[in-house]
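Thanks, everyone. I have one structure to go through today, and I will keep to the geometry.

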Amino acid sequence: MKILLADDTPENLFLFSQHLKGQGHEIVTAKNGEEAVAAYRSEHPDLVIMDVMMPVMDGYEATADIRRIDPTHWVPIIFLSANTDDGERTKGLEAGGDDYLAKPVNLAILTNKVRALRRIADMQDQVSHYARELQANLEQNRDEQQLARHLLNHIVRQDKAEQELVNAWVAPAQHFTGDVAITARTPANELNVLLADATGHGLAAAISVLPVIETFYSMTEKGFSLSSIVRELNRKVKHLLPIDRFVATVLISIDYTNRTVRIWNGGSPEVVFVTDGGVVQRIWKSVHPALGILSDAEFDSNPQVYLWDEPGEIILCSDGLPEAEDSAGIPFSMTRFLSLLSRPYGTGRFKVLADALQSHIQGAQQRDDISLLAVRCAGELEWLQMTEAIPASPQHNTTGHSRWRFSLSLSAEEIKHLDALPLIMNWLDQLQINPEHRNQAFLILGELFNNALDHGLLHLDSKLKQDPDGFEQFISMREARLSQLTDATIEVDLERFYLTGSDLLRLRVRDSGPGFDRAAMLEKRKDAADQLSGRGIMLVKQLCLSLTYSEQGNDVTAVYSLA
Amino acid sequence: MASTVSNHISESKASLTINGRFDFSIHRDFRANYEQILGASGVRELDVDLKGVDYVDSSALGMLLLLREKATTKNIQMKLVGAQSAVRQVLEVANFGRLFAIS
């Protein structure tokens, strides 16, 4: 290595430099402190041997100057002095020196000290190098995290609209959360809620859950059923993520008009429906593996369905919540969570839960992302007056001037497996129907289509749909009959046309079933108890200019104004 | 106390034993052990012994899924044995009974 020797005695300089050169070192000399500092600056030695007593500038001053040159790069400095009392040594160390050699110098000791100090300096260099690398990495990391955060904030839609119905609390374990709690509305105005928990936490988990978010939003907007959405989510996650990564998920769809909840839980803690009075009406356990584990063929996308008669809330959480530890390491636990939420808090339930959780995790290190969601299920059923179908005015029966026409005929297999409505809606989108009209058209078409299927083809009695138990019976009967359906068709016709200055949309649905006795049906419905089952059609009538049934009853046409 | 992972191979039967917390911190040991087992020729059955496991998280479930895939390609029958109540609960919520024989 390169050694700087500073000594005002030429004989010493000669002696030391010969000795050290003999050991393979390169030597630079200086006669006094000032020269030493200048030489240090220009030669960048690896080690300095500094005589203390020198004219012009002594060893201590020179050392102090040298240390100021580059404080981050440590070069060992050994003092040489005849004076060896403690006071002197202290002065030297305080000036920034590292060791002290007594004069006359023992060359063997000099050699050893040089070697030892150089070894320490080498280690120091390595540490500095790593520290610099680490710092650079940290800064790059910080930039990447900022970008990631920007991206995530823009992908998760900040929807203020559901504040009345949805309360959410998400606490990430690190800067990024692998837990996602989002909502979106279907064209029929149902509320879809997604709680997803990707394996792990932090940035990697947050990235894992991105494809799920986009798909949820886009399929919900297009009107796909919960079943279709969850199936596609599973396909995506399985395809995109490695085998040891999956996404525990709860997907919920709430129809406030019909007071029904559809829910799919794969790998997440129990989801609970609790009334305002604190009675737990339903507990939906995870009955599927999380998303991304099963192949499409093995995957079961069927939701559980519930019709509520008393208003309440759906409470759900990610597994970070029951596992959340307090400062003593005790987990919050599912038991405590369930007992806490089954009390008559009315609408204050979410706050109670959130507060209890907050105080529990106070002061403890958070290991996993924690999410808590409460979705309100309430709303008065509107008792609508049953009336006749609105007779079509004579004009609506003429063809008018047609702009476009779209027909679709589905047989039993397609009816069973195809999510037809969103596909039809996609056509309407291409044909540029105003979004507000689009959603109403979706509602109307959905109602007519479902009636054709449920009543026309499956012969189900909507009377069952009035109470929670009957409703569940209805659902399982529907599943059973649908799976056995053969030799059946539903035809859907859409046409946009002009008639005496009006811009109209005609929606027609025909089913191959036997139809129904409309006169008898109207007689039955004068009974108030049946009002619940007819509400869908009532809604349609409110939206349309006309709604006409054929004689047989299996052919219905609605005309809707696009003005 | 630190978690441990160990394995035992005896002709066609192998066992992979985990003690303590089964989480991301042991993933290297987990891998080293299962590679030994998968590397041994003639192994037909693999029991993952969870008797001594008191805690399992989602990364542990991920490790089991990964091992399951590798075992399947080598035609090795994999079982999860000895799961205690806390661990059993986690396996239930995850519906792992759909994927593994659990005893």
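I will take a sheet, then a helix pair, then the contact between two chains. Keep in mind that this is a predicted model.

Start with the sheet in chain A. Five strands make up an open sheet, ordered β16-β17-β18-β20-β19, with antiparallel pairing. At the edges are β16 (401–411) and β19 (546–549) of chain A; each has a single partner strand, so one side of each has no neighbour in the sheet. From one strand to the next, the twist averages 10°.

Now one pair within that sheet. Strand β18 of chain A, residues 502–511, runs antiparallel to strand β20 of chain A, residues 555–561, and the two share 7 bridges. One position to look at is A:L507, whose bridge partner in β20(A) is A:A558.

What packs on this sheet? Helix α13 of chain A, residues 435–457, does, and it touches β17 (489–499), β18 and β20 of chain A. The direction of α13 makes about 20° with that of β18(A).

Next, the helix pair. The axes of α2 (residues 33–43) and α3 (residues 59–69), both of chain A, come within 8 Å and cross at roughly 20°. With an angle under 35 degrees counting as roughly parallel, α2(A) is therefore roughly parallel to α3(A). The crossing is right-handed. On the α2(A) side, the contact includes A:A36, A:V37 and A:Y40; on the α3(A) side, A:A62, A:I66 and A:I69 are among the residues involved. By class, the residues of this contact are 6 nonpolar, 2 polar and 3 charged.

Last, the chains. Chain A puts 13 residues in contact with 12 residues of chain B. The chain A side of that contact has 6 nonpolar, 5 polar and 2 charged residues.

Definitions and conventions:
Residues numbered from 1 in each chain as written. Chains lettered and ligands numbered in written order. Predicted model: local features only at pLDDT ≥ 70, side-chain atom pairs only at ≥ 80, totals over all residues. Pairing = 2+ DSSP bridges. Helix = DSSP H or I, 4+ residues; strand = E, 2+ residues; numbered from the N terminus. Axes fitted to C-alpha atoms, helices over the stretch in contact; angles between N-to-C directions. Contact = placed C-beta atoms within 7 Å. Nonpolar A, V, L, I, M, F, W, Y, C, P; charged D, E, K, R; others polar. Parallel < 35°, antiparallel > 145°, perpendicular 65-115°, else oblique. Left-handed = near helix turned anticlockwise from the far one by under 90°.
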